[in-house]
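Please open the model in your viewer, with side chains ready to be switched on and off, and follow the stops below in order.

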Amino acid sequence: MATPAPASEVSGTQAAILAAYTELIDEVGTDDVSFRLIALRAGVGERTVFRYYPTRVDLLLATAAWIERTIFTRAESDSIFDVPIAIREAMEAYDRRPELAHVVAETAMRGVNGSDPAPHREEFDGMLRREAPALADADRRAVVAALCHLDSAATWVTMRRELGMSGRDIADAATWAAEAILDPIRDLG
């Protein structure tokens, strides 16, 4: 199984394949999308799709990473205390594109090799080191872990599927939880 290439290393052909598969997932879900259909939509031969993505797992993993980088991308927060706002925006974005949110969540929740279940981990850790330098290492790791867990498509899917929450309720709950995690450390700067 291949590890997805960083965005800067994806060729134009790969981008066309990943964009085509993303469009098809958005339209019909993941179950009925063949490599042939992806190739047709991307304007490439079916062998080209197989050359870049030999298995469906390779294609799904690369597509999930593509979706995170191109559709669910967001500006980095200037402060760790702005992260609850970013989490709200992420939950709202997942709610607008539920099929794509499920693909991103499924790759992370299943532990697919190469998936990145915590893409903002280093960003959160760096902000905490700057803005709350008195926070003990173990406490910082706990805050980073909690924020990474909240800031994920998996959280959106769990709240939607398992708890039956609406998009607005999910955004409110995730924002509240992030603020509750950060409130105790506001004076540690």
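Begin by selecting D137, which is partly exposed, with a relative accessible area of 44%. Keep in mind throughout that this is a predicted model. Salt bridges that share partners join D137 with D125, R129 and R140 into one network, and the first stops of the tour follow that network.

**The network around D137**

Add R140 to the selection: R140 forms a salt bridge with D137, and the closest N and O atoms of the pair are 2.8 Å apart. Both residues lie in helix α8, three residues apart, which is about one turn of the helix. Is R140 buried or exposed? R140 counts as buried, because its relative accessibility is 6% and the cut-off for buried is under 20%.

Next select D125, which is found in helix α7. At 19% relative accessibility, D125 also counts as buried, since that value is under the 20% limit. Show its side chain and look for two polar contacts: one of 2.7 Å joins it to the side chain of R129, and another, of 2.8 Å, is made with the side chain of R140. If neighbours within four places in sequence are left aside, D125 is in contact with R140 and V144.

**Along helix α8**

Now select residues 137–150, which make up helix α8. The helix has 14 residues and reaches 20 Å from its first C-alpha to its last, close to the 20 Å expected at 1.5 Å a residue. Colour R140, V143, V144, L147, C148 and L150, the residues that are buried in α8. They are on the same side of α8 because they cover an arc of only 160° around the axis. Turn the helix to its other side, where R141 and H149 are exposed.

What covers the buried residues of α8? The covering elements include α5 (83–96), α7 (121–131), α9 (153–162) and α10 (167–182), and it is useful to show these four helices together with α8 before going on.

**L147 and the nonpolar core**

With those helices displayed, centre the view on L147. The largest nonpolar core has 57 residues, and L147, together with I38 and I80, touches the most other members. Leaving aside neighbours within four places in sequence, the residues in contact with L147 are I80, V83, I87, F124, A178, I181 and L182.

**A stop in α7 and the loop before it**

Return to helix α7 and select G126, which lies in that helix. G126 is partly exposed, with a relative accessible area of 21%. Add S79 and compare the C-alpha positions: the two residues are 47 apart along the chain, and their C-alpha atoms are separated by 10.0 Å.

Then move to H120, which lies in the loop between α6 (98–109) and α7. The side chain of H120 is joined to that of E123 by a polar contact of 2.9 Å. Apart from neighbours within four places in sequence, H120 is in contact with R74, C148 and D151; of these, C148 was among the buried residues coloured in α8.

**Salt bridges between helices**

The structure holds 12 salt bridges, and two further examples close the tour. Side chains of opposite charge can pair when their charged atoms come close.

Select D172 and R88, which form a salt bridge with the closest N and O atoms 2.6 Å apart. D172 lies in helix α10 and R88 in helix α5, so the pair ties together parts that are 84 residues apart in sequence. D172 counts as partly exposed at 33% relative accessibility, and R88 is likewise partly exposed, with a relative accessible area of 25%.

Finally, select E23 and R41, whose side chains meet in a salt bridge of 2.9 Å, N to O. This pair links distant parts of the chain, with E23 in helix α1 (residues 12–28) and R41 in helix α2 (residues 35–42), 18 residues apart. E23 counts as partly exposed at 39% relative accessibility, while R41 is partly exposed with a relative accessible area of 36%.

Note on methods:
Residues numbered from 1 in each chain as written. Predicted model: local features only at pLDDT ≥ 70, side-chain atom pairs only at ≥ 80, totals over all residues. Heavy atoms only, no water. Helix = DSSP H or I, 4+ residues; strand = E, 2+ residues; numbered from the N terminus. Expected span 1.5 Å × (residues − 1). Buried < 20%, exposed > 50% of the residue type's maximum accessible area, 1.4 Å probe, protein only. Arc of directions from axis to C-beta. Contact = heavy atoms within 4.5 Å. Core = buried A, V, L, I, M, F, W, Y, C linked by side-chain atoms within 4.5 Å. Salt bridge = Lys/Arg side-chain N within 4 Å of Asp/Glu carboxyl O. Polar contact = N/O pair within 3.5 Å; in protein donor to acceptor, adjacent residues only side chain to side chain.
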